Amino acid sequence: MEFPILSFVVFTPIVAGLIIFLIPGDRKNEIRVAALAAGSLALLLSIWVYFSYDIEAGGYQFVEQYSWLPQLGISYNVGIDGMNAPLVLLTGIVMFTGVLISWGIDDRPREFFVFLFILATGVFGVFVALDLFMLIFFYEIAVFPMYLLIAIWGWKVTREYAAMKLTLYLFIGSVIALVGALAMYFASGLGTFNMVALEDAGFSTTFQRFWFPFVFFGFAVLGGIFPFHNWSPDGHVAAPTAVSMFHAGVLMKLGAFAALRVGIMLLPEGASFHMPWIILLTLVNVVYGAFIASVQSDFKYVIGFSSVSHMGLVIMGFATLNSTGMLGAGIQMFSHGIMTALFFAVVGIVYDRAHTREINQLGGFRKVMPLVTLAFIIGGLVSMGMPGFSGFIAEFPIFMGLWESHPWIAVVAAVSIVITAAYIIRIIGQVFFGKMPENFVGHITQINSLDKIALIFLTVVLVLVGVYPPIMVPLVNSGVENIMRIIGGA
Amino acid sequence: MYIDYSMLLAILPQISLMVLGGIVLILELVLSRDQYRNIGWVTAIGMGFILLLTIPALPEEGSEAIWGGMIRNDWISYIFIVMVVFGAGISALFAMDFRSLGKRGGFFVLLISATLGMTFMASAADLVLLFVAIETSALSLYVLASLFNDEDESAEAGFKYFLFGAMTSTIMLYGFSLLYGFSGSTNIFGIAESFRAGDVPVGVIIGSLLLVLVGFTFKISGVPFHFWAPDVYQGAPTPVAGFLSTASKAAGFIVLARVMAVVFQDISLYWGAIIAAIAVASMTLGNLLALAQKNIKRMLAYSSIAHAGYALIGLVAISMMGLSSMILYLVIYLVTNLAAFGIVSAYGRIVGSDDMSAYYGMSRRSPWLAFALLIALLSLAGMPPLGGFIAKVFVFAAAVDANMVWLAVIGVLNAIIGLYYYLTVLKYVYLYRSEDEDKPLPVTRPIKVALAVLTVGIILLGTLFAPWFDFATTAAASIF
């Protein structure tokens, strides 16, 4: 038997979490070291998976299947294709850097890492799932630790409210999707939850048109689709830094990915029927999200709403239902994940030192933290879609695909790039290059080397994908081909 | 009547419960009052031993009626006997150190006699035996609920429970007498046969159905006969409340399922609609009222009303899938709710309060107990990888399978309300601070043992669910 690499990826975090829970709570350094070891292991495993995927061969690789509940055709079934391989890598990267950034957490770090790792296992599980039941199982595992992570370690002012709002939104979405999944299972008559088999189930057109919105929106809530995006900025802002990174960086992709995997790929006729109006919703996401971001006075809210805007681009890419748009969306999921993790790491670093996030009260951080400044500028360039950075590789195909299918929407959506540039440049100008308020002078401490490693790592990934696209594009393209085969477009 | 070996084997659990009860009675005479607590170990280990004893007596596939048709020896009885015996054993462990409960003479005997009644409820196929079994368990439970008779709350709980219980029993008994009067048989299969012959007008059958349902709905604390539950759970000693909300409820469910599926098989459309209404009302009312509670035992009481509603969804589906999912639901719910009440009794014993505000800062005081509570409450909320998720998914699946998507939708909406109040408790536990954070929280050994078994059980039920589902399917098939 082959080495079950994907199972190792999925279960490394949760096993590490269990081990960490056995360490006495007051031995905080041991706990952190154990967490870092687990994070590094998960990162290495995910890098290995990513680079050993054979693009020539295509299809699902590293497949493992064990029957779980044979009577109902439920199995533990995992595999990797071009679409989810980058997401596994993304999760590994964010988990690793998230542990680094969370080094300073002093209130019950043991519980923090346990919950964070349960979350990570849920995320990995969804990304590699080939079984519909398993996907939902892990999806919900990823939802509930969020509540505790935000409520316990979050920003004191809004954490209780934001955590509950976020959890209920996501739970409502997931249970509605669950009902849709059950309907699919029984309607198919195949007696299996295997998604590869369900792709050929031949659901009737009426069935697909009726159930598509439930399944698609059920998951897309977590992708932040308008008008169900409301939980997202509040949640991001209230969460502690590593959780914001995880949340905006990885969890929102979870929603978008599941909407694609279950909604679009299993109910393609429903998708082509409903997408014309869903694309308008994503247009609201993209443009309105950017506008809202530009008028925020709170640094973290700007980033929170920019996530809404960028995730809109992802779902917009899906909604084009053509291969160019899908390709862009696939890369955008990865690119935005890294970029927004970087942003939230920077926000966390600034807030920890300034104790305020009001943009007007910040300034001059370039002098004390050149590395942080550079990292943020690179992240900003990515988010504007500058050539030479991963954002360009992602957004350009999305707009191309959009131009093929809905030229007018492409024109309107392009406005968001300008707005994005405006709010990013405003932050760079004020926070990093402006005049440092007097009460800060001499009080801003340097960042430690762990933070530096995290920032450098994230930045390098963004640049690497930008200057050397072949590292990702052919891979995602092979995944897109599979999707196009199913939804029957060009 | 000739009694052969297999007939005795079939009621082995009941016989051994009698023996255990005798041993406990003798021990109470022999031991001094200080040593009464140890009877709890005897009871719990005895219950464990009974579970082991039943393994060679496993029923065959299908089912047989023995003891002149009084008793059914089938898988569904077996599973419910295991459930109530397990619940009693765990409750004995929780009760040992709960204030003066373990030291009171009679507690463990009453627990065993209640369990004995429930095991007969699980296997009775005759209305007379059924009624005797129900009353055996009920009378013991009335006393158990009021065991702290020097406290107003406990006395009130017992008395309330007794009054409502006696009233609904009477109505149910009237229903039984009608069934007998019109069919000329007390055996549930005999009644079903005579109904099938078509001599009895449908109106009469529906009338007796309604009367019988009153008693059963009371037992499972379904709306509209739920209102005793919060007061009784709150007032009764916590381990007793835990026992009431799990084993007693499970026993009620098997009686309900058996009588509905067998006696009223031909009018399943009617009772399907009635049970569906009870399910919807129980879920919705239970969850909504749980939102407003300030006392954790009351909150758990309303949540247990809601859970009765979820489990009923399986019965409403009137299918093999539905019945097996209901059985699985009850198994998982029993384990989970026992854990929740166990933690509440362990914690309440030390802090002396069951108010939600007493739970502030619990995780700092005792991370392990807090984690166990996290597991129990999230399982009740239906979160994977815990048992509650599987339980909910399968009852909803049964509803979708039976073309009752609307019922599944009501179910999932209720699950969302449920999540809210369970999370609120976890917020108190993990987030809020209290002045007593640094005080130690001694958890005694019996409670540790019981909680370890239950939390591992919750996780096992939620991750490796294939064997349990197999059992449930076999059991569901044996009901007819």
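Two residues are in contact here if their C-beta atoms, placed from the backbone, lie within 7 Å. By that yardstick, 28 residues of chain B are in contact with 26 residues of chain A. On chain B's side, helices H16 (367-381), H17 (387-401), H18 (405-430) and H20 (466-477) each give two or more residues; helices are DSSP runs of H or I with at least four residues, strands are E runs of at least two, and both are numbered from the N terminus. H18(B) brings the largest share, twelve residues.

This is a predicted model, where local features need pLDDT of at least 70 and side-chain atom pairs count only at pLDDT 80 or more, while totals for chains, interfaces and linings use all residues. Residues are numbered from 1 along each chain as its sequence is written, and chains are lettered from A and ligands numbered from 1 in the order written.

As for confidence, the model scores ipTM 0.89 and pTM 0.92. Chain B has a mean pLDDT (the predictor's confidence in each residue, from 0 to 100) of 90, with 99% of its residues at 70 or more. Here are the two ends of the range among chain B's elements:

| Element of chain B | Residues | Mean pLDDT |
|---|---|---|
| strand S1, lowest | 63-66 | 73 |
| helix H13, highest | 296-316 | 94 |

Now for chain A, which has 19 helices and two strands. Its C-alpha trace spans about 70 × 55 × 40 Å along the principal axes. Among contacts in chain A with a separation of 6 or more, 81% join residues 24 or more positions apart.
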